[in-house]
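Reader: I have a model open on my screen and would like to go through it with you before I get back to the bench. Could you start with the words you will be using?

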Amino acid sequence: MRTSRYLLATLKENPVEAVVVSHRLMLRAGLIRQVASGIYDWLPTGMRVLSKVEAIIREEMNKKGAIEISMPVVQPAELWHESGRYVKYGPELCRLKDRKQNEFVLGPTHEEVVTAIARNEIKSARQLPLNLYQIQTKFRDEVRPRFGVMRGREFIMKDAYSFHVDHASLEQTYQDMYDAYSAVFTRLGLTFRAVEADTGSIGGNHSHEFQVLADAGEDTIAYSDASDYAANIEMAEALAPQEERGAPQDPYSKAPTPGCHTVDEAAGALNIPSDNVLKSLVVHAAYEVDEDGKRVDDKPLELVMLCLRGNQELNEIKAAKLGGIADPIEFATEEEIAAYTGAHPGSLGPVDFKGRIIFDRAAEKMSNFACGANEDGYHFINVNLDRDIPKYEVADIRNVEEGDPSPDGKGTLHLRKGIEVGQVFMLGTKYSEAMGATVTDKNGKNIPMEMGCYGIGVTRVVAAAIEQHHDDKGIVWPDAMAPFTVGIIALGLGKSEEVKNAAEKLYKELEDLGVEVLYDDRDERAGVMFSDMELIGVPHVVVIGAKNLANGQVEYKNRRTDARENVKVEDILAFIKEKIGR
């Protein structure tokens, strides 16, 4: 490809709206342009990278016997009513009506549509197992799109769905997809970890995420230093402390804490460590809703108090799974708390709280601690469980921390940031039961099909790769993802017939070999051409100039190592072939 015939839409300056490295470099290198919040055009250079990623995904999916199909982005809302997710999915599900007032949704995922295909087309267990996949556009109406394509509203996903007659067959395909994903991310040159994960709005009873390790990641993963245990922090179990709870001392009493609204402020006023101040959070109890998400019962508002050590953080996913709590978690408003307790946030505690009380495992070991007195500007001190708080539950509701013991009993946990690029789920019969997707088994009985689903965020993979592979000059692509394999820079092209002839000859030879070449034939300054090649991350660059040609040489530059060496003109083709493994 000649730059004179190519849309090389690079930018010199850093875009002010870009916060993370990948967003900044994708804009500067001309991979994407924003159309609306969270919605992007993919320009030619970006499309070349996407195509590389998609090709590797297709190869690995096909190796495992998956079959490619295509399903629509616009989906009938009735399918989502059937599955029960029309309300459950929440505001990220973009709902719309056509001119006839028929309800549709923009697909954030395709479980409903593919289950409808299965119930219509699969009639016998002899047709199973079957694994269908697509690479398709998705839309999720993110409340706060950010970080470029890492959290956009419109994105490209590879999603696969498998159907089985029994759980053993599902387990086999789940492992096949796990292995295929590991192969995909390895071939793409990414440093990643597969971790246990929450199933979220997709549902099911078992899941793994594939996390690319990067400081810009929105997820936190916990891993053991003595085993292969790894989990998203949402799923990592915080084991109960082994120490016994201390004995109660003095009776609890009230202490003034005027103007204290946080644990640290209360700890400072009381002159005690923050880990001996109880953090009390109040959330809504579970309630029934109709298909439009409106509350259907007329029961009085019930609140639940969640109690943790003051220096630890609530894990909302764990708490919501306890049952009897609104899922997802809904924190009570200041007005609701005041009406229920007589106090405002910052002065809350479990003593005489009239609702359900749940203590975290670590908080349950606290003794003679401080907590809000349910009276503005006051805290209780020397509070103890059982003696002062007779009725409570204990559960794991906190995030694990650096140095916690590993849940598998081997070593301690460490925390790293990660970018989720893929996830595999065992769905079981969640969708097939709800939507009547059954097959006839060997006994002639209709049974719901076991299902699995498996997703890779194709556009997110591109951003994750850049987060891992960049320097101060631009992107340093893994070879498998680079938009071009070789770049040719011709210095003084319009002034030297020798330079032009040498550049044209090498360009044609590489193209004849099927090598993807970007030949910079612009009438530009050398600095501009070098900067563009470095910015877009071309792995191998050949620089042809009159001075080197006079000595029968050209210069080779490696983008990753920044190594430079002069090569004889007659040897350059063989040299490049060796470098790129041809």
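Author: A residue is called buried when its relative accessible area is under 20%, exposed when it is over 50%, and partly exposed in between, using a 1.4 Å probe and the protein chains only. With that wording, 10 of the 11 residues of helix α11 (residues 458–468) are buried, so this helix is largely enclosed by the rest of the structure.

Reader: Which residues of α11 are the buried ones?

Author: In α11 the buried residues are Val458, Thr459, Arg460, Val461, Val462, Ala463, Ala464, Ala465, Ile466 and Glu467. Arg460 and Glu467 are thus among the side chains counted as buried in this helix.

Reader: Before we go further, what sort of model is this, and how are the residues numbered?

Author: This is a predicted model, in which local features need pLDDT of at least 70 and side-chain atom pairs count only at pLDDT 80 or more, while totals for chains, interfaces and linings use all residues. Residues are numbered from 1 along each chain as its sequence is written, and side-chain values use heavy atoms, with hydrogens and water left out.

Reader: OK, the overall picture then. How many helices and strands does the protein have?

Author: There are 15 helices and 30 strands in the protein; helices (H or I, at least four residues) and strands (E, at least two) are DSSP runs numbered from the N terminus. Along the principal axes, the C-alpha atoms fill a box of roughly 95 × 70 × 50 Å.

Reader: And what share of the residues counts as buried?

Author: Of the 582 residues of the protein, 52% count as buried. If we take a contact to mean heavy atoms within 4.5 Å, then, among contacts with a separation of 6 or more, 69% come from residues 24 or more positions apart.

Reader: Can you give me a concrete case? Where does isoleucine 337 lie?

Author: Isoleucine 337 belongs to helix α9, which runs over residues 334–341, and its relative accessible area of 4% makes it buried. Setting aside residues up to four places away in sequence, isoleucine 337 touches Val282, Leu303, Ala332, Gly342, Ala343, Pro345 and Leu348. Valine 283 lies 54 residues from isoleucine 337 along the chain, and the C-alpha atoms of the two are separated by 9.2 Å.

Reader: I also noticed an acidic residue, aspartate 520. Is aspartate 520 buried or exposed?

Author: Aspartate 520 is buried, because its relative accessible area is 1%, and its place is in strand β27 (residues 517–520).

Reader: What is aspartate 520 in contact with?

Author: Leaving out neighbours within four places in sequence, aspartate 520 is in contact with Thr3, Ile488, Ala490, Met529 and Met533. As for leucine 491, its C-alpha atom is 9.3 Å from that of aspartate 520, although the two residues are 29 apart in sequence.

Reader: Changing topic to the backbone, which residues does a cis peptide bond join?

Author: One cis peptide bond joins leucine 128 and proline 129, with omega about 0°, and another joins aspartate 327 and proline 328, with omega about 5°. Proline 129 sits in the loop between α5 (111–121) and β7 (130–139), whereas proline 328 is in the loop between α8 (316–320) and α9.

Reader: Why bring these bonds up, and should I look at phi as well?

Author: Most peptide bonds are trans, and most residues other than glycine have a negative phi. In this model, phenylalanine 147 has a phi near 60°, a positive value in a residue other than glycine, and asparagine 382 likewise has a positive phi, near 60°.

Reader: Where is phenylalanine 147 found?

Author: Phenylalanine 147 is found in the loop between β7 and β8 (154–164), and its relative accessible area of 22% makes it partly exposed.

Reader: And asparagine 382, is that one in a loop or a strand?

Author: Asparagine 382 has its place in strand β18 (residues 378–383). At 18% relative accessibility, asparagine 382 counts as buried.
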